Amino acid sequence: MDHAQFRLIIPSQTRYLNLVTGLAKRASVVAGLDDATAAKVSIAVDEAVTNVILHAYQGEGHHSVELELRFTPQALEVHIWHSGQGIREDQLVLPDPSEYIKHPRKGGLGLLLMSRFMDEVRFRADEDSGRNECCLIKKIS
Amino acid sequence: MADLSIAVRQAGGVAVVLPAGFINAHTVRDFEATLEGLVQGGQYRILINCRDLSYISSAGLGAIMGLIETVREHGGDILLSNLQDNVFAIFDTLGFTQLYRVFPDESQALASPEAGG
């Protein structure tokens, strides 16, 4: 194995969010990121998993969400797999924060936080397995 | 310990909300219900003291944003104080420090014109 990795599978229920974000924060520190950056990674992972539970699975709690953490010399990668409704990158529209300030409303901020707090955010569908992936990458400087 | 507990106390004409723990998609309903209950009861000056708030996701931001127009239409405001660094980073990254008044501590928030001080 040329880099360390491990997996966690949780039910698609928000009660496990705190477990996942705590893990992401600790993994970030282990990867060599500072505490402030680790907090941002944990928020990005919270938003990604929340999107899967509430949107991809539409709040149904009997599915599973698989997280894979990969520690490389260059980055911490968090891969989130699910079998729900996928997001197509070419349809992604990030909200404009200045518009939010002018017209406050609920929702839509999770993707923006993910993109601001991570170095890379990717979405893709795996046609072979029929699953969808959200990949979050934080580079280690 | 629960992921989130919320205390509310009155300071003059201001309702001081003290969330302790984590506000995420799992706990946000309690936070939202607390704020909505205050607004429905005619309380439009609200200070959220974040001293014991370890974490807030976009779900929590949405709960605050969903009420800001209503309270301001009634001459009130939602103020924030005692933000921990990671909580401040979320508000600041999204530019929301322009939308909400953020104070270093509760006493300064309560003394501000927005709080009627």
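**Exercise 1. Work out how many residues each chain gives to the contact between chains A and B, and describe the side that belongs to chain B.**

Solution. Begin with the count: chain A contributes 24 residues to the contact and chain B contributes 23 residues. Keep in mind that this is a predicted model. Next, look at the helices on the side of chain B that touches chain A: α2 (58–73) and α3 (85–93) each supply at least two residues. Of these elements, α2(B) gives the largest share, eight residues. Finally, sort this side of chain B by residue type: ten are nonpolar, ten polar and three charged.

**Exercise 2. Find the buried residues of helix α4 (residues 110–117) of chain A, and say what they pack against.**

Solution. First, pick out the buried residues of α4(A), namely A:Gly110, A:Leu111, A:Leu113, A:Met114 and A:Phe117. Now look down the helix axis: these residues line one face of α4(A), because they fall within an arc of 160°. Then list their partners. Within chain A, they pack against α2 (35–56), β4 (120–126) and β5 (131–139). From chain B, the partners are α2 and α3.

**Exercise 3. Decide whether B:Gly116 is buried, partly exposed or exposed, and place B:Gly116 in its surroundings.**

Solution. Start with the location: B:Gly116 sits in the segment after α4 (106–110) of chain B. Count next: B:Gly116 has 14 C-beta neighbours inside 10 Å, so it is partly exposed. Leaving aside residues up to four places away in sequence, B:Gly116 touches B:Gly12, B:Gly13 and B:Arg45. As a last step, take B:Gly76, which is 40 residues away along the chain: its C-alpha atom and that of B:Gly116 are 9.1 Å apart.

Methods:
Residues numbered from 1 in each chain as written. Chains lettered and ligands numbered in written order. Predicted model: local features only at pLDDT ≥ 70, side-chain atom pairs only at ≥ 80, totals over all residues. Helix = DSSP H or I, 4+ residues; strand = E, 2+ residues; numbered from the N terminus. Buried ≥ 20, exposed ≤ 12 C-beta atoms within 10 Å, placed from the backbone. Contact = placed C-beta atoms within 7 Å. Nonpolar A, V, L, I, M, F, W, Y, C, P; charged D, E, K, R; others polar. Arc of directions from axis to C-beta.
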